[in-house]
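I sat down with this one to look up a few things and jot them in order. Here are my notes, in case they help you find your way around.

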Number of protein chains: 2
Amino acid sequence: MKTTIEDVAKEAQVSITTVSRVLNNNYPVKESTRKKVEKAIAKLNFTPNSLARGLIRKRTYTVGVIVPSMTNLFFPEVVKGIEDCMGQNEYTLFLCDTKSEPEYERRHVGRLKERQVDGIVVIGPMSENIRSGFFEALTKEVPLVLVNGYHRGVRCNFILTDEEMGTLEALAYLQALGHRNIAFLRGEQIYSYDVKEEIFTRIMKQSNIPVMQENILVIPEGNSVETVDMSRDMVIRRLEKENPPTAIFCCNDWMATGAINAAKHLGVRVPEDFSIIGFDNIVISQLSEPKLTTIDQTMFKLGQGAAELLLEVIEGKKGEGSLKKVILETKLVKRNSCAVASRTV
Amino acid sequence: MKTTIEDVAKEAQVSITTVSRVLNNNYPVKESTRKKVEKAIAKLNFTPNSLARGLIRKRTYTVGVIVPSMTNLFFPEVVKGIEDCMGQNEYTLFLCDTKSEPEYERRHVGRLKERQVDGIVVIGPMSENIRSGFFEALTKEVPLVLVNGYHRGVRCNFILTDEEMGTLEALAYLQALGHRNIAFLRGEQIYSYDVKEEIFTRIMKQSNIPVMQENILVIPEGNSVETVDMSRDMVIRRLEKENPPTAIFCCNDWMATGAINAAKHLGVRVPEDFSIIGFDNIVISQLSEPKLTTIDQTMFKLGQGAAELLLEVIEGKKGEGSLKKVILETKLVKRNSCAVASRTV
DNA sequence: TTGAAAGCGCTAACAT
DNA sequence: ATGTTAGCGCTTTCAA
């Protein structure tokens, strides 16, 4: 049998209340008594049961973190930020992997509620569950923060990076280097790619550069190892065609890595003959030769920010009425994959 | 106020016992009663409180997972394996990041015990805590499985990959390709590097190849982004010296990536002029050009295996006496960074 | 097939 | 400064 507060009380010859008091250090206890109790605790190797504590206090000091994938390089970075902040506040994290299934996402939320978490943060929430009102409803039940995946008009707490500004900055940088014939590489389906493409098109128009359809490159899967090879092949094909671009904007670093490999394959020099800019600044952007110039999504900060926001909501307990949308700035990280355009169109 | 089982009972006009029975589906309940209760549950949007349940049952269906780092590419893969197995068994994971601090590791264990987890798996446990007997003592208190970090004579449940065999296989492969002048690249301190170096030295001796001290390359930090650049510089220096090796064995894929970058920097062709073999098969091994030949540590399986082993221990409840040591085989993954030696010493 | 009642280990009034 | 006691929300005998 596990030792309980009662065993400790007996051992120290005091009441369980007193033991509780030295445990929580929230009421005056005579020094000598405290010593006795502490000795008993040590002797019995007593560990308080936080289930019982949580049951009464209605506070568990746990939060749930839901991610679409553990192995994606982006999410662990965010989780780290959350853990960094929450850990300091004595919270422990539940981690749930949805494998990008809306169904699993809902199920995990259910389990977390059963476990009486003090709050939930969902990184990259599924569109389906945002649109259906699932998260709006959840917001009324439990402190909730969504990281990225922002949709207009959805009444939830959000924290996100300003991908529009980031795209703008990347494109401006390329243009400042003299590039006019710029390709755009994206994956299918995901909302943030749409946003980026829209901005790409707009900027090209504003600069009076006709957008060639051949310069919009779309691969099926945007966020995995396979993405690298898909991107590589796609870029090779484009580079071999007429009027090859002098630069490429990639919607994330996986794609940009593929672009670097494409150039290497063709003997095209990066950045002298071909400039490549990525997005996210995940760890692989520092692994290539040359190292990738990219837009930093500051994932660690995103995590910290999510945690801070969640803490606010938990403390606030207002539930509704005081929803927040926090937008973090992106940052251009200049490394070695971009240079002045060597030729003009 | 949250709705409780009592509210449901009132709504359905039955006793809480009956509600509990339909919740757990463990005693006969008349169909019509069940319907009533289910309707009440739905109407009140009732979620059972698993703290209360855990308090009674002495079973929480939670397990703690402790990792030295979230962002290391190796650990998330293992965690995914654990989650895959545990998730199917209705478990939820607590995730704890120790930042490689023995002190944090101990503190997290303490918190997990308070939370009454049914078991704990520690991935890459800190040597300090293994040697001090901390984990041996813990084994007597709670179901515990250690992933890697095996030390002889330590009475804990272990699961690990056979790194000795893996090293052997890698070296044999290199030799079969005709390489005799082989370099060895490692980081400091970590036990598994010691094991690998020992084998390297032994094999060289067995093959009557004098081990040149210049061929043992040691960098300070073996397991982070910085490792790539450190390795790159280290390999460049070696390759520029007398009698350069025709192949290199790298203790992990970060180092191997650095080696590839070194070759690229020097204009040395991989694999034609220089063969590189890595270890682990983390995701970056598929990103480089050429793709890395490496030894697969089957991290996902490692995680699954750990989960299965933990489940056994939890069910078994024998606590001691029945400790297990599970060893997984590694696998040589032939990709494109190794080829027949172009010259001999 | 159902219900009453005794806790699980702890906290927090309320006494003393 | 310390102790008594009533629960927190649930499961599980035991009885009906």
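**Entry 1: a strand in chain B**

I began with a single pairing: Ile120(B) has Leu144(B) in E4(B) as its bridge partner. I kept in mind throughout that this is a predicted model.

Zooming out from that pair, I saw that E3(B) and strand E4 (residues 144-147) of chain B run parallel and share 4 bridges. Strand E1 (residues 62-67) of chain B is also joined to E3(B) by 4 bridges, again parallel. There, Val63(B) sits opposite Gly119(B) of E3(B).

Next I asked myself how many residues of strand E3 (residues 119-123) of chain B are buried. I got 5 of the 5, so the strand is largely enclosed by the rest of the structure. I then sorted them by side: Gly119(B), Val121(B) and Ile123(B) are buried on one, Ile120(B) and Val122(B) on the other, so to speak a strand with both faces covered. My reminder to myself: in a regular strand, side chains alternate between the two faces of the sheet.

**Entry 2: helix H4 of chain A**

I moved to helix H4 (residues 50-57) of chain A and noted Ser50(A), Leu51(A) and Gly54(A) as buried. Looking down the axis of H4(A), I found its buried residues within an arc of 105°, so they line one face of the helix. The background is handy here: an α-helix has 3.6 residues a turn, so residues three or four places apart point the same way.

What covers these buried residues of H4(A)? My list includes helix H4 (50-57) and helix H6 (102-114) of chain B. Just after H4(A) comes Lys58(A), and I wrote down its positive phi, near 60°.

**Entry 3: domains of chain A**

I looked up how chain A is divided: domain 1 covers 5-57, domain 2 covers 62-162 + 298-330, and domain 3 covers 163-296. Taken over C-alpha atoms, the centres of domain 1 and domain 2 of chain A are 35 Å apart.

**Entry 4: where chains A and B touch**

I counted 37 residues from chain A and 37 residues from chain B in the contact. On the side of chain A, the elements that each supply at least two residues are H4, helix H5 (75-88), strand E2 (92-97), helix H6 (102-114), helix H11 (225-240) and helix H12 (253-266). Which element gives the most? It is E2(A), with 6 residues. By class I have 16 nonpolar, 11 polar and 10 charged residues on that side of chain A.

I followed E2(A) across to its partner: 3 bridges join E2(A) to strand E2 (residues 92-97) of chain B, and the two run antiparallel. Leu95(A) faces Leu93(B) in E2(B).

**Entry 5: the two DNA strands**

I took DNA strand C and found 27 residues around it, the closest being Ile5(A), Ser20(A), Ala52(A), Pro28(B) and Lys30(B). H2 and H4 of chain A, together with H2 and H4 of chain B, are the elements giving two or more residues to that surface. The classes come out as 14 nonpolar, 9 polar and 4 charged.

Then DNA strand D: of its 27 surrounding residues, Pro28(A), Thr4(B), Ile5(B), Ser20(B) and Ala52(B) come nearest. Two or more residues each come from helix H2 (16-24) and H4 of chain A, and from helix H2 (16-24) and H4 of chain B. I tallied 14 nonpolar, 9 polar and 4 charged residues on the surface near DNA strand D.

Methods. Residues numbered from 1 in each chain as written. Chains lettered and ligands numbered in written order. Predicted model: local features only at pLDDT ≥ 70, side-chain atom pairs only at ≥ 80, totals over all residues. Buried ≥ 20, exposed ≤ 12 C-beta atoms within 10 Å, placed from the backbone. Arc of directions from axis to C-beta. Contact = placed C-beta atoms within 7 Å. Near = placed C-beta within 6 Å. Nonpolar A, V, L, I, M, F, W, Y, C, P; charged D, E, K, R; others polar. Pairing = 2+ DSSP bridges. Domains from an automatic or database assignment.
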